[in-house]
Structures are given as C-alpha cells and as structure tokens.
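Hi,

Here's the structure I said I'd pass along. Have a look, and my notes follow below.

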Amino acid sequence: MSLKPKKVDFDEIWKRLRCVLEKVITLQKVERAEWNTSFSDVYMLCVAQPEPLADRLYSEAKHFLEVHVREMLTQKVLAEHDAANANNTNNSRPDLLERYYTTWMVYSQGSKFVNQLFIYLNQQHIKKQKITDSESFYGSLSNDAAEQMEIGELALDIWRINMLEHLALELVRHILEGIAADRASNGALDSHRVEVIHGVIHSFVEVQEYKKTGSLKLYQDLFEGPMLEASGAYYTNEANKLLQRCSVSQYMQEVIKILEYESRRAQKFLHESSLLKLRKQCEEKFINDRLGFIYSECRDMVSDERRQDLRNMYIVLKPIPDNLKSELIQTFLEHIKNEGLETVFALKGENIHIAFVENMLKVHHKYQELIADVFENDSLFLSALDKACASVINRRPSERQPCRSAEYVAKYCDTLLKKSKTCEAEIDQKLTNNITIFKYIEDKDVYQKFYSRLLAKRLIHEQSQSMDAEEGMINRLKQACGYEFTNKLHRMFTDISVSTDLNNKFNNHLKDHDIDLGINLSIKVLQAGAWPLGSTQVIPFAVPQEFEKSIKMFEDYYHNLFSGRKLTWLHHMCHGELKLSHVKKSYIVTMQTYQMAIILLFETCDTLSCREIQNTLQLNDDTFQKHMQPMIESKLLNASSENLSGDTRIELNLDYTNKRTKFKISSALQKETPQEVEHTINSVDEDRKLFLQAAIVRIMKARKVLKHNALIQEVLSLSKVSFTPNIAMIKKCVESLIDKQYIERTANSGDEYSYMA
C-alpha cells in the first residue's frame, strides 16, 4: 500500500473507521488486518489531497464519542434504574455504582485503544496545534484552537461532560452510603463492593489525569469536600457517644483504634491525596475538640506513671501542634522536678555529695528510660527532662544561700578518683555518668574551683587511684566546656610529670657526687599560677636540722638548672614517714612535716612544755594546736592537761602500742573546713567580676558604641559557658569600668556607652 498523499473519499473511509471504533470502545474483538488497515485510514485522511481531512476526522470522532457516552448513560447506567423505579417506590437505586463502575472500566480501557488508533492524528495534527501555557493564560488563540485535545483526552472529557455531570450527586451519595456501611460493619464490607466504590472514586481522578495542573480539582470539588464533611459529622457523633460511656483511658484506646481503622479505610477507598486530610479531620474531631476531656486526668496519669495510659496519650496527642501538647509536657516536667527535689531535699551527713549525685542520676536514668519507652524519645519530652533536672540541680535553698550542686559534683568526682578498692572500669563508668549531672550545672566556674582544689590535694598527697582516670576525667570536662576550662588542670599534670623527672635527675646528681642526705626526698615544684593552693603566705617554721642539708642541696641544684626562679617552701603541705624505735616494737608513721618536727624534738629528751616546742620550731598558736592535737589523740604523745597552754607538759609515750606497724596520723589541714568552702566561693565571685569586666572591655573595644541592653545581652552570651551572672553584678562591673575610664556614657543618651581608647 502506497503512503503517498492522494485524494480520498472521507465518507467511505469514515464508515470503515466507525465500525472499528464501535468494537474498540466496547472492547470487542478486532482482527489484526482490520486494526492495521484502520491505522492506514487515519493516516490517509490526515494527509489527503488537495486538503488534509484531519479536522473533519477529529470532529467526527468527537461526535461519535459523545453519542456513545450518551447511549451508555441511558441504555446501561440508567436503563435498569428506570425499570426498577416502576416497581420500587423508595427510589433506592442500589446498583447504580456497580453499573457506572462496569461501564467506566470498559470505556476507560477502550478510550486508551482509541487513542492508540488515532496516534498519527494526535502527533502530527493535534500536538502541533496545542497552545502553550502562556498562550492559554493570555488568551491569544481562538476558542476553537483551545478545544483541540488528543483523542484519549477528548474521550475522558466527553465522559466528564456527558456522564459525570448527570450522575455526580447520586454517585457521591451512594459512595458515602457505602463508606458508612463499611464503618458500620467495622470494615467487613464485601470485597467486590469495596472494589466498585474504590473504582468509582478513582474515576473522578482518572477522568482528568491528563491535565498538567488541576488534575484533582474535579475529584476535590465533586467528592472530597462532601466526603470530609460527612466524615466530620460522623466523627463528632462517635466522639460524643464515646464521651458518654468511656473514661479518659478508655476514650484514648478507642480513639487509637478508630484512627487506625480510618487510616486503613482511607487507603482502601480514597485517592492518596485525601489520606492526610481525612486523618486531620479525624484528629480534629476526636482530639483537638476534646482536649479538655483528655487532659482532665493528665496529672493523675503522670503522677502515678501509668505508662500504658501515657503511651496512649502520646500517640493521641502526637499529631497535633506542639503548643496544644504543652499541658502534658509541662505536667511531666513538674513531676520530674518534684521527684528530683524530694530525692535531694533532705540529704544530710558526710556523704551528702555521693547521695546527691547518685540520686539525681537515678532520677535522670528513670525518666530517660520512660521517655524512650513511652514517648519514643520525643525531643520535646527530652527537653522537659533537661529543664527539670537543671531546675533541681541549680536550685538555691534560699536567696542568701548559694547553690552547692557544683561543690557536691566536684566532691563526688574526688571520692571516685581517690585510692579505693573500686575497679577502674566501674570508676570510669561512674565518671562518665557524672558528666550527665555536670552538664546541667550553671555555675561551672564554681565546679572548676572546687575540682581544681581537690585535684591539687590528690596530686600533692599522691592519693589518686589512677593517673589515667584523672586524665580521662579532665578530657571529659574539656569535651564538655572547651580547652580554656581545663587549661590549669593540664598544667597541674605537667608540673607533676616535670617534678618526677626533676627528682630522678636530682637523685642521679647525688649519686654522681657520692652525696648521702640521710633521708629519702621527693619534691614537687609547682607553678604558683596553676595551682589553687589558697594563700601562699609562708607560715613561720624553723626547719629541723635533719631536713636542712637536704633542702639546701636541692635549692642549690635547682638554681643551677633554672637561674632567676624563686622557690617558696610550703611546709604545711608536706608529709613524710618517720620510724619510731623508742618503743618495744618499731612503727612507721606517716605524718605532716610540722608533726615530724615536733616528734624529732624528743630525740634528746622525754618531756617538753608546749612553750618550749613552739619557741624551738617558731610555730604560731593556730598551727601548733592543729598539729599537736592529732598526735595526742593518737597517744603518741601524752599531755598533762586537756587544754594545751604554754605550761602544759608534753611527754613521749614510751609504752605506745598499736596493732598496725604502719599507720597514718591525719591532720586537720587535710579536712576541708567551712572557712575554706566559703573562701572558694568568695574567690569565684572575684574571678567573675574580673571575667565580666574583661568581657565588657572586649565587647566595647569591638563595638565602640553600644546600648545598655545590647551590652548586657552580649555579656550574658559570652559568660553562659561558665556561669550565668545576675544583671546587678554586670551593672556594678560597668560602673567600675566607667570609674576606671575604660568606657563612658555618651553625651546624647544615658543608656549608651562608648569605648575610651
């Protein structure tokens, strides 16, 4: 067959084409030869001479489809209904959906084959004439051109006009009745009926699926709106029924079931674009509109920690906006806070720091586990846990009393890191847990002060369980607060390491020069700026002659190594071992330097007065009392009277006995006094003032001119890592800097400052 354009008889060819179209649109069998010939007929009409007959072919095809759809409406969809009406007075039309669905399935499939048959017309004639979006928007083409569409699209549009517009209201009514029947039967509707309803609903989408924009408009206007309205009314009615017969716990269980059923029902019937809308409608009627009832038992559920009820409440409230969940979150926060305060409020005794940290860890772990189990680790509830723990940990007993949490946490670390029988793995785990509490502390600078003082004592008196554990803890603090926070702690470690090396070199020096000191000596050289040793004021002390040679030798050796450095001996922080041989059995006693000096005075005599001891050693009354009392209590020395005065006679106990041959005499200096705690807190206040003044100067130097409130905010931002200063302290620092002429108030405004270069 020749494909060359030629003159053709349209009526003759259309007659053949029409017969094929009638078979194709109704899904009847078409022979292969007949099908192929039809393609050729479409082509010949489109390229006919002297004028192409494509437009006429398009018009005839359109007319054919319109007639066909109208016939299906009257003969197939409505015919049985008319017959039924004659014998049925209630106009129920039970089979309308099924007739429509059956007709639609045949037509939609047939229209696809018709579209394939007219593929040449679509591609070569219609697509070339299709208008662009801009042309459609500005209306630059005629209406005739705007009506041109591919045959498959045309078939669907004809169905919409000639079928749907006639049946829309009835179809939607029957669909809603079918969905209502499915609800009434708890999802047990016949599967074929489900398929029919699903097919009818999706026909509203498929009939305009070819559109690039607004393809769902018909579906939304025709069905989705009425469906959501009917569903909303159903949900409201069901919610009212549940409220009359259910407790809050039962109501939430029923709502969860209904939400699940409705989700399945939506997937079973509706287009995917409606799933979320129906879900929101369900949540609105069952949850948002009933929040007062749901929250009525919220406080009891939280206080009793009824996990299943709380889990159900979370599932129910999860989809709603965060601001509507605030009551549950706030109630949960208050509950944690109250339990936390109960666990730490009445703590007393020497081990209060251990009880404080471990009780808070129990509370934190308990509710962290509850949040994971009940609230799926929701960030809002984790944030509530953080706020509650921070509130408890940073709570001040009263306005005048400082918060002691930082002190307790530092002392808890000290307890763990001191020598004990606890295994390292357990210590490491406890230190890791301890960081959880540390992160909630606002006054981290207070913690740093206490921790550094306690670390200094451990390092100087060699009380650390493990240097690895010490370094591990410092690294955790560094990770939490930055390098600046742990800078001095690292320097303390460096001093200990350097001192160990220095002692080895000094001992080698003594061996090389064949010098015997008569005693074993270990010296720690500490940087004054790195170690929190309190007052470095030297306590008057006449060094015993047994120590003089050793001290002189080390000083000479050190000054030869480092010229220009000054050594200050802190005898009150020294200790040593002394062997007692004046009794039947030898004892090795660890004691403070001053105590050793007192005992050594009895080398040549058995009794001395307190005045003689003080004058010989040049000790002041306070130091003498603190060091003499422990030796009398240990019965190494006997006193003639309980109150030590200048005339009190001190006698060496020649009958001393002890089950242990090696023991230690503790000194009051090693025990922390309330005065030391107060001094530490006061030093923190002074450091804070200096920090704030430096921060203000740094900010003003960069900004040059700044408003008062803006300056306050920037200072708060800079200091929040270490502590949260009160506004009054910042204002005092500003006034102090004005007096020192670092900054000044601007002439134009009383609440604006400028930097003075």
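First, a definition: on a 1 Å grid over the protein atoms alone, a cavity is a set of points where a 1.4 Å probe fits but cannot get out, and lining residues have an atom within 4 Å of a point. This is a predicted model, where local features need pLDDT of at least 70, side-chain atom pairs count only at pLDDT 80 or more, and totals for chains, interfaces and linings use all residues. Residues are numbered from 1 along each chain as its sequence is written, and side-chain values use heavy atoms, with hydrogens and water left out.

On to the cavities. Searching the whole structure turns up three of 30 Å³ or more, and the largest holds about 40 Å³ of space (volume being the space filled by probe spheres set on the points, which are joined across faces, edges and corners). Its lining is made up of Ile179, Arg183, Met227, Glu262, Arg265, Ala266, Phe269, Leu270 and Leu278. Helix H12 gives the largest share of that lining, four residues (helices are DSSP runs of H or I, at least four residues, numbered from the N terminus). By class, the lining has six nonpolar, no polar and three charged residues (Ala, Val, Leu, Ile, Met, Phe, Trp, Tyr, Cys and Pro count as nonpolar, Asp, Glu, Lys and Arg as charged, the others, Gly among them, as polar).

Then there's a helix pair. The axes of H5 (residues 96-117) and H10 (residues 191-206) come within 9 Å and cross at roughly 60 degrees (axes are lines fitted to C-alpha atoms over the stretch in contact, with angles from 0 to 180 degrees between N-to-C directions; contact means heavy atoms within 4.5 Å).

Cheers

Definitions and conventions:
Helices (H or I, at least four residues) and strands (E, at least two) are DSSP runs, numbered from the N terminus. On a 1 Å grid over the protein atoms alone, a cavity is a set of points where a 1.4 Å probe fits but cannot get out, and a pocket is an open set with protein on both sides within 12 Å along at least five of seven lines; lining residues have an atom within 4 Å of a point.
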